[in-house]
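Hi,

Here is the structure I said I would pass on. Have a look first, and my notes follow underneath.

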Amino acid sequence: MPADDSTPHGSHPARPGAGTSDHEPSPPSPATPLAGTADAGPVTDLEDDRAPAQATGPGPRALAARAALRDVPHVPGAPKPDPVLVADGVVRRFGGLTAVDVAHVEVQRGAITALIGPNGAGKTTFFNLLTGFDRPDEGSWTFEGRSLARVPAHRVARRGMVRTFQLTKALSRLTVIENMRLGATGQVGERLLSAMFGRLWRGQEESNTRRADELLRRFKLDAKREDFAGSLSGGQRKLLEMARALMTEPQMVMLDEPMAGVNPALTQSLLGHVKDLREQGMTVLFVEHDMDMVRDISDWVVVMAQGTVVAEGPPDAVMADPAVIDAYLGGHHDTPLTEEDEEQQVAAAEAELEREHDREVG
Ligand SMILES: Nc1ncnc2c1ncn2[C@@H]1O[C@H](COP(=O)(O)OP(=O)(O)OP(=O)(O)O)[C@@H](O)[C@H]1O
């Protein structure tokens, strides 16, 4: 989704690696930051982004999340030992197209789960449904055991499940601190002005500003506090989106393509912050095309294709799964034609040529 897309839905080109952004300052380090960085701890200083990744190893919560998932079968819809989010029979149709048809999926509490799949697989639509930005035709889902069906987005956020929201044009024209304050309402995209000036806001302004400033310091955006959000680099925007999502102190954070448009200079910082969310006890579900990031930080991967979940498992197992390779490359990519098929195809083509010739002649 482009940074200025004002809708929660967008279609995104496939990205084989961390993208670069025109907005981003040029990276001082030529090293590929995603290579060999598994579970480096959170980077706490922008200067550190330019240093080689520290091999600090997985944190205690990362180890716990992986241990908890160790015996979960690698099958679509696999039950988890401690699911925080459970979806059942969620269907979304657009006219004749079934964009989402998820029979059953569970997201493990305290883990980082990646939602991957080829373009058009239904990932963003599923995300929008879960977070109340869109309504399904069928299905139900629960968060912390409570139904979220028909709960609007701002209430979903208040219940502890937030998603990052791309910087819309309107948000780009607000300062960084104003964006953070909007995050405190739990819903950035909706009722922008009433959230800014309404009565809901006034009483809490001071504590919200304190929290906003703390988060800006943590995300190294405090120097940008009064700058227009639109002036930030691609990577800084992603940091702002994440910081803003944390204003409501959520239990679960949904990240929509956190690496899209991020220059390699900031990827370490972003990866560190996502891992840090897990270390603070949050559950993370993210949609991402960048497979290096998926491999690096995920405890579990859910793969969608044509609206359904086609595979689940830890990153390495999932990426070696023929069903996943098929989903990405198309079902017939490596099926060689038999001699019979080939003869039939040649015969059909010759017959078509003959018919065409006959039409032209007579
Ligand atoms: N509002 C809409 N109206 C009509 N069709 C839609 C709408 N939103 C999504 N679709 C269609 O639903 C399907 C799933 O789209 P979706 O964007 O959810 O896929 P995705 O997996 O997120 O893809 P990408 O990785 O490209 O973002 C696509 O065929 C898309 O064209």
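Let's start with one residue: in which strand does Asp 88 lie? Asp 88 belongs to strand 1, which covers residues 83–94. Bear in mind that this is a predicted model. Is Asp 88 buried, exposed or partly exposed? Asp 88 has 16 C-beta neighbours inside 10 Å, and a residue needs 20 or more to be buried and 12 or fewer to be exposed, so Asp 88 counts as partly exposed. If you skip its neighbours within four places in sequence, Asp 88 is in contact with His 104, Gly 139, Ser 140 and Trp 141. Gln 280 sits 192 residues from Asp 88 along the chain, and their C-alpha atoms are 28 Å apart.

Next, helix 10, which runs over residues 234–245. Its 12 residues span 17 Å from first C-alpha to last, close to the expected 16 Å. Because 12 of the 12 residues are buried, helix 10 is largely enclosed by the rest of the structure. Among those buried residues are Arg 237, Lys 238, Glu 241 and Arg 244. And what do the buried residues of helix 10 pack against? Their partners are strand 6 (161–163) and strand 7 (252–256), along with helix 6 (176–183), helix 9 (205–218) and helix 11 (264–279).

Last, a hairpin. Strand 9 (residues 300–305) pairs with strand 10 (residues 308–313) in the antiparallel sense, over five bridges. Across that pairing, Val 302 is opposite Glu 312. Two residues separate the strands, and in the turn Gln 306 has a positive phi of about 50 degrees.

Cheers

Key:
Residues are numbered from 1 along each chain as its sequence is written. This is a predicted model: local features need pLDDT of at least 70, side-chain atom pairs count only at pLDDT 80 or more; totals for chains, interfaces and linings use all residues. Helices (H or I, at least four residues) and strands (E, at least two) are DSSP runs, numbered from the N terminus. The expected span of a helix is 1.5 Å times one less than its number of residues. Two residues are in contact if their C-beta atoms, placed from the backbone, lie within 7 Å. Two strands pair if DSSP finds at least two bridges between them.
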